[in-house]
Amino acid sequence: MRREIPPRSGVAFVLAKGQRLTVIDPQGEQVADLLAFSQVDTDEVISSGRTLDYASRLFLTVGDSIYSNRSNVLLRIVEDTVGRHDFLLTPCSADTFRIIYGDEAPHRGCFGNLAAALAPYGISPDRIPVAFNIFMNVTVDSRTGELRVEPPLSRADDHVVFEAEQDLIVGLTACSAPQSNNYAFKPIHYVVS
Ligand SMILES: [Zn+2]
């Protein structure tokens with residue numbers, strides 16, 4: 001069954017070992033932040049640092065694994081129609097909007113949406129790491145290392161498929177940051193199979 005995450009919101013759910021998660025951008029140019037925790041011990045969570053270290057690459061796609069803070073593989077990327085995602089930047093948050101956009105009454109962002117969705121699983125906000133930012137297009141200047149957040153390369157119905165290597169608690173959002181989504185907030189669709 002195809003489920004919808006409304007614009008600027010998030011969900012959490014269990015993904016059993018061997019199940020596949022398909023994340024779909026139904027309209028194009030929309031980011032989805034993905035988190036995964038081990039269901040048996042939520043102290044184990046995806047790790048940007050370990051994953052990028054082991055891949056020796058910033059841009060992950062089919063064949064790449066997403067490792068945990070304990071160096072176990074939690075997810076594998078098995079399909080990817082875009083090939084450009086980010087695993088450097090933190091989930092957007094009220095602080096992001098206050099600090100970067102100067103917003104005086106900020107939205108809670110992906111961080112707040114993930115914290116609310118993960119609370120019923122006993123996961124507190126301080127446990128939220130860098131998310132795997134599906135469809136987020138961050139470019140890096142090879143000389144200075146300057147980061148630029150560009151419009152996503154995803155078009156309508158582009159998708160990424162992940163396979164779970166363990167029983168997981170997954171958090172997933174339709175991202176709330178203006179710049180990351182080319183200044184239009186759209187839904188995200190997903191399928192667990
Ligand atoms: Zn976001």
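This report describes the sheets, the zinc site, the salt bridges and a surface patch of a predicted model.

Local features are taken where pLDDT is at least 70 and side-chain atom pairs count only at pLDDT 80 or more, whereas totals for chains, interfaces and linings use all residues. Residues are numbered from 1 along each chain as its sequence is written, and side-chain values use heavy atoms, with hydrogens and water left out.

## Sheets

Helices (H or I, at least four residues) and strands (E, at least two) are DSSP runs numbered from the N terminus. Two strands are paired if DSSP finds at least two bridges between them. Strands of a sheet pair through backbone hydrogen bonds, either parallel or antiparallel.

One open sheet has six strands in the order 1-12-3-10-6-5, with antiparallel pairing. Its edges are strand 1 and strand 5, each of which pairs on one side only. Neighbouring strands in this sheet are turned by 25° against each other on average, direction ignored; axes are lines fitted to C-alpha atoms, for helices over the stretch in contact, and angles run from 0 to 180 degrees between N-to-C directions.

Strand 12 (residues 188-192) has antiparallel partners in strand 1, through four bridges, and in strand 3 (residues 20-25), also through four bridges. On the strand 1 side, Arg 3 has Tyr 190 as its bridge partner in strand 12. On the strand 3 side, Ile 24 is matched with His 189 of strand 12 as bridge partner. Four of the five residues of strand 12 are buried, so this strand is largely enclosed by the rest of the structure. Buried means under 20% relative accessible area, exposed means over 50%, and partly exposed lies in between (1.4 Å probe, protein chains only). Strand 3 also pairs with strand 10 in the antiparallel sense, over six bridges. In strand 10, Glu 163 stands opposite Arg 20.

A further open sheet has four strands in the order 2-11-4-7, and its pairing is antiparallel. Strand 2 (10-15) and strand 7 (132-134) are the edge strands, each pairing on one side only. For this sheet, the average turn between neighbouring strands is 25°, direction ignored. Within the sheet, strand 4 and strand 11 (residues 168-173) run antiparallel and are joined by five bridges. Phe 37 has its bridge partner in strand 11, namely Ile 169.

## Zinc site

The zinc ion has three cysteine sulfur atoms as protein donors: Cys 92 (SG), Cys 110 (SG) and Cys 175 (SG), at 2.2 to 2.3 Å. Donors are N, O and S atoms within 2.8 Å of the metal (3.2 Å for Na, K and Ca); water is not among the atoms, so sites may look incomplete. The spacing of the donor residues in sequence is C-x17-C-x64-C. Cys 92 lies in the loop between strand 6 and helix 2 (94-99) and Cys 110 in helix 3 (residues 109-118), 18 residues apart, so that this pair links distant parts of the chain. Cys 92 and Cys 110 are both buried.

## Salt bridges

Side chains of opposite charge can pair when their charged atoms come close. A salt bridge here is a side-chain nitrogen of Lys or Arg within 4 Å of a carboxyl oxygen of Asp or Glu. The whole structure contains 10 of them, including those in the table.

| Pair | N to O distance |
|---|---|
| Asp 157 and Arg 2 | 3.3 Å |
| Arg 70 and Asp 41 | 3.1 Å |
| Arg 148 and Glu 150 | 3.2 Å |

Arg 70 lies in the loop between strand 5 (65-67) and strand 6 (73-80), and Asp 41 in the loop between strand 4 (32-38) and helix 1 (48-55), so their bridge ties together parts that are 29 residues apart in sequence. Arg 70 is partly exposed at 40% relative accessibility, as is Asp 41 at 28%. Both residues belong to a network of salt bridges that also includes Glu 44.

In the bridge between Asp 157 and Arg 2, Asp 157 is partly exposed at 45% relative accessibility, and Arg 2 is partly exposed at 44%. Arg 148 and Glu 150 are partly exposed too, with relative accessible areas of 47% and 26%.

## Surface patch

Leu 58, Leu 88, Val 140 and Leu 147 form a nonpolar surface patch with about 270 Å² of accessible area together. Patches are made of residues with over 30% relative accessible area and no salt bridge, like charges being joined within 9 Å and nonpolar side chains (Val, Leu, Ile, Met, Phe, Trp, Tyr) within 5 Å. Accessible areas come from the Shrake-Rupley method with a 1.4 Å probe, and for residues only the protein chains shown count as cover. Leu 147 belongs to strand 9 (residues 147-150) and counts as partly exposed because its relative accessibility is 39%.
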